[in-house]
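Here's a quick walk through this structure, from whole chains down to single residues. Have the viewer open and follow along.

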Amino acid sequence: MNISVNLLVGFAMGLNLIALGSNRLPSLIRAMSVQGVLLGIIPLLMEKELDWRVALVALATAIGKGVVIPGLLRRAMRAASIEREVDPFIGFVPSLLLGAAGTVAAVALAQGLPLLPEHAGSLLVPGALASVLTGFILLVGRSKAISQVCGYLILENGIYLFGLLLIKTTPLLVEAGVLLDVTVGVFVIGIIVDHIQRAFDSLDTRKLTALRE
Amino acid sequence: MNPGTLLLASAASFVASIVAGNRYARAWLTLTLTGVFAGLSAALIVLLGTTDWEWRSTLIVGGQLVFLRLDGLSALFLVLVSVVGGAGAVYAHEYWSEDDYPTSAPRGRMWWSGLVLSMGLVLTIVNGLHFLIAWESFAICAYFLITLDRQRRAVRAAGWLYLAASHAGTVALFAFFASLAARTGSWELGPLRDHASLAPLFWLALFGFGVKAGVFPLHFWLPDAHANAPSHVSAVMSAVAIKMGIYGIVRFSGWLPMPAAAGWVVIALGATSALLGIAFAFAQDDVKRLLAYCSVENVGVIMIGLGGAMLAAAHGHASWGLLALSGALLHVWNHGAFKALLFFGAGSVLHATGTRTMSRLGGLWRTMPWTTGMFAIGAVAVSGLPPLNGFVSEWLVYLGLLDAVVSKGPAAWAAMPAIIMLAMAGALALASFTKAGALIFLGSPRTQAAAAAHESGRWMRLPMLTLAALCIALALVPVLFWPAVARAVNAWDTSWPPAAVPNSLTSIGRTQVALALAAVAATFLLLHKVRTNGLRRGLTWDCAYAAPTAHMQYSSGSFAGIVVGWFAWILRPQGIVRRPRGLLPLKAFRIGHNPETVLELVIGPVSRVIVQASRTASRLQHGNLQAYILYVIAALVALGSVAWLAGTP
């Protein structure tokens with residue numbers, strides 16, 4: 001079981017780098033949604049015998065992150081008719097280098113953390129840390145609101161990975177709640193994106209500095 | 001009647017007057033005066049009786065039971081609040097009337113009632129938390145009264161300065177009451193002399209109340225606020241509001257154990273305030289600024305008396321401590337009466353001429369005889385001259401200090417310089433008020449406005465007459481007021497024996513009456529002589545100059561020039577001089593300015609540094625979302641590394 005989980009987490013870490021390197025919004029969204037689906041599958045592989053509740057969480061995660069949220073984002077993108085370029089703050093190569101360095105650091109850090117013996121060999125913790133870092137890099141390094149939403153979602157994916165460590169003890173309701181939060185968050189951001197677009201004729205968050213006192 | 005009923009009636013009429021003040025001027029005045037008389041009677045019942053009034057209610061405010069108490073000390077101050085609160089309300093009825101100030105007059109009435117009510121609460125509340133609430137609402141009411149005329153830029157600036165300074169003091173009081181509550185386990189206040197560990201808290205109280213009282217280096221807000229406020233507000237601020245600071249210092253110096261240095265510090269602060277306050281006053285050209293600085297001097301006199309009493313209490317010399325403290329407390333009343341009178345006089349002049357600048361006035365005694373007379377009484381009183389009331393209380397303070405010198409204890413080392421500085425302050429006070437009286441009322445008018453002055457109406461004259469009568473009563477029969485003062489002293493230190501009227505006070509009363517009679521007789525004699533012989537009017541000798549003008553009279557700067565020179569090290573007078581040049585000089589002038597040294601040389605630079613630092617820090621807040629997220633990451637990483645480092649043994 002660990003091998004397949006590790007494989008999936010490894011894929012997710014690769015998708016982090018793809019997200020950092022993509023220069024067009026649709027591909028960024030696609031990377032994020034694929035990552036969401038992969039993460040949705042992981043709980044199914046972690047359990048020896050399949051509990052229907054775990055299956056439900058997995059299904060909801062996969063649909064939410066793989067279909068609903070990307071759909072919302074694509075709709076927002078169309079509605080606001082924004083250019084497809086990502087328009088980076090931190091260039092693609094530096095972002096990739098940072099991401100790679102972050103992944104290495106995450107693996108190193110995970111070695112130093114006092115983990116349970118059963119998690120010691122797993123890639124879950126390094127994957128979680130690497131996704132959080134990637135999310136941060138996207139949040140800081142991209143100027144369009146949609147790409148920041150993607151950054152936020154990848155960050156959330158990292159937190160979700162971390163949460164998988166505790167899947168046996170976390171109640172179902174908490175998992176479902178987190179998912180709902182994320183969906184509502186993206187929904188709200190979709191509305192905000194629309195409003196930013198109307199007010200500033202652009203989705204460049206750098207222009208929000210005009211709002212400061 | 002029971003003081004509790006009276007206080008309840010008083011509070012109820014003040015609340016009603018806040019409501020009525022918005023619309024109905026007459027109803028407001030009636031209600032305010034009712035409240036004032038009820039409060040005054042309650043205070044007098046407590047002062048002249050033997051028992052304190054206490055009311056422990058089941059009402060809970062902010063998680064604390066409401067607990068009110070009126071003892072000798074708070075009743076003494078409540079009398080002052082009531083008298084000046086009532087007099088100022090009557091004065092404002094004409095001075096700040098609806099006709100002249102249609103928008104700010106209703107506001108002024110409401111805040112006035114609020115101010116008097118909250119000061120009354122400050123005096124009766126004996127719970128630290130509630131005290132802070134009342135204290136804060138008192139400060140805010142005063143702020144809105146100071147800025148009644150907020151169209152003027154100077155008024156707004158003075159208001160902000162007052163508010164900032166007042167809150168700096170309040171912060172210290174928050175610390176004071178909170179640590180008091182933490183150490184005693186209760187917010188309730190009361191005598192705590194046996195808790196020796198509370199002694200250092202006195203410094204916090206001294207700072208917090210000292211800002212409000214306007215003790216010398218903390219007085220920097222006072223001249224601006226008192227000068228720019230409407231005159232009835234200046235009167236209540238100077239005569240009463242700063243006394244709330246004094247009340248706090250007296251109250252807690254009586255209740256808390258004192259640090260060993262407390263008496264020395266208080267007496268030193270008092271002496272400094274007295275001397276430097278009056279030196280600053282002498283240099284002013286604005287009559288209300290002069291009066292405001294003079295309040296700093298009088299607060300100094302009170303602090304000298306209190307410091308003397310604290311030294312006496314620390315070294316076990318009840319007799320002269322009692323004299324010094326009763327002098328100080330009597331001076332609280334005296335200063336309240338004559339300073340309110342003087343500010344009413346100055347307001348009357350301002351009302352009639354539109355200026356506070358003394359160098360633009362002159363010769364007002366012809367057009368404003370009542371105001372001149374009242375101002376003269378106030379001026380004699382404030383200068384500490386017999387036969388008026390300022391002399392009585394200052395004399396008691398002197399007597400206390402002289403006894404301290406004679407007793408040759410260690411306190412003599414503080415008392416001796418204090419006497420000298422008090423005497424110097426007295427001389428300068430006389431000079432200051434000679435200057436003010438002469439420039440405003442004597443000579444001939446320096447400007448058109450001064451020439452066109454008119455006497456103020458009866459609503460303004462009535463409170464002035466009342467206060468003048470009070471000054472005379474306090475001066476001629478001080479024995480009458482002794483029981484009240486003795487009771488307040490007894491509330492300060494219950495271990496001191498209840499004092500009979502001191503012989504010195506009886507004799508000074510007799511001397512004052514004799515002096516007053518002599519003065520009245522001399523006046524009548526002079527008038528009689530003038531009537532029979534007639535007056536011969538002539539020009540002042542002017543070196544045979546052919547075209548004398550009113551501008552050749554003494555100006556404020558020339559009158560004070562020499563003394564300002566003595567105190568130049570602290571006054572820092574600034575001026576632009578253009579001397580007459582050549583054989584036929586065309587233009588020559590001297591423009592003088594006396595800055596508020598503490599404000600401009602200490603507070604100003606310090607606040608500029610703070611503002612600069614805040615500006616630099618505010619560059620971090622530029623509105624760039626990405627950078628904000630970076631801050632979050634940086635903070636997370638920092639926290640993480642702290643946790644990491646702390647976790648590794």
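## Chain B as a whole

Start with how chain B is wired: take its contacts between residues at least 6 apart in sequence, and 79% of them join residues at least 24 apart. Keep in mind that this is a predicted model. Chain B has 24 helices and four strands. Its radius of gyration is 26 Å, close to the 26 Å that the globule rule gives for 649 residues, so chain B is as compact as a globular protein of that length.

Along its principal axes, the C-alpha trace of chain B spans about 100 × 65 × 60 Å. As for burial, 50% of the 649 residues of chain B count as buried.

## Chain A, briefly

Chain A comes out with seven helices and zero strands, so to speak a plain run of α-α-α-α-α-α-α from the N terminus on. Of its 213 residues, 41% count as buried. For chain A contacts between residues at least 6 apart in sequence, 76% join residues at least 24 apart.

## Two domains in chain B

The domain assignment splits out domain 1 (1-229) and domain 2 (260-529) of chain B. Their C-alpha centres lie 23 Å apart. Across the boundary, 24 residues of domain 1 are in contact with 39 residues of domain 2.

Which helices of chain B supply at least two residues each to the side of domain 1 that touches domain 2? They are helix H2 (25-48), helix H3 (72-95), helix H7 (201-213) and helix H8 (222-228). H3(B) gives the most to that side, with eleven residues. By class, this side of domain 1 has 17 nonpolar, five polar and two charged residues.

## A buried valine in domain 1

Now zoom in on B:Val116, which sits in helix H4 (residues 104-124) of chain B. Buried or exposed? B:Val116 has 28 other C-beta atoms within 10 Å, and the cut-off for buried is 20 or more, so it counts as buried.

Leaving aside neighbours within four places in sequence, B:Val116 is in contact with B:Phe14, B:Val81 and B:Gly85. B:Gly86 is 30 residues away along the chain from B:Val116, and their C-alpha atoms are separated by 9.1 Å.

## A helix pair: H14 and H16

Two packed helices are described by the angle between their axes and the distance between the axes. Helix H14 (residues 369-382) and helix H16 (residues 412-441) of chain B pack at an angle of about 170°, with their axes 9 Å apart. Angles over 145 degrees count as roughly antiparallel, so that is the label for H14(B) and H16(B).

On the H14(B) side, the contact is made by B:Thr372, B:Phe375, B:Ala376, B:Ala379 and B:Val382. H16(B) brings B:Ala429, B:Phe433, B:Ala436, B:Gly437 and B:Phe441. Sorted by class, the residues of this contact are eight nonpolar, two polar and no charged.

## Backbone oddities

Most residues other than glycine have a negative phi, and most peptide bonds are trans. Chain B has a spot to check on each count. A cis peptide bond joins B:Pro386 and B:Pro387, with omega about 5°. B:Pro387 is in the loop between H14 and helix H15 (389-406) of chain B.

The other spot is B:Arg572, a residue other than glycine with a positive phi, near 50°. Look for B:Arg572 in the loop between helix H22 (568-571) and strand S3 (574-578) of chain B. It counts as partly exposed, with 16 C-beta neighbours inside 10 Å.

How values were computed:
Residues are numbered from 1 along each chain as its sequence is written. Chains are lettered from A and ligands numbered from 1 in the order in which they are written. This is a predicted model: local features need pLDDT of at least 70, side-chain atom pairs count only at pLDDT 80 or more; totals for chains, interfaces and linings use all residues. A residue is buried if 20 or more other C-beta atoms lie within 10 Å of its own, exposed if 12 or fewer, and partly exposed in between; C-beta atoms are placed from the backbone. Two residues are in contact if their C-beta atoms, placed from the backbone, lie within 7 Å. Domain bounds come from an automatic or database domain assignment. Ala, Val, Leu, Ile, Met, Phe, Trp, Tyr, Cys and Pro count as nonpolar, Asp, Glu, Lys and Arg as charged, and the others, Gly among them, as polar. The radius of gyration is taken over C-alpha atoms; the globule rule is 2.2 Å times the number of residues to the power 0.38. Axes are lines fitted to C-alpha atoms, for helices over the stretch in contact, and angles run from 0 to 180 degrees between N-to-C directions. Angles under 35 degrees count as roughly parallel, over 145 as roughly antiparallel, 65 to 115 as roughly perpendicular and the rest as oblique.
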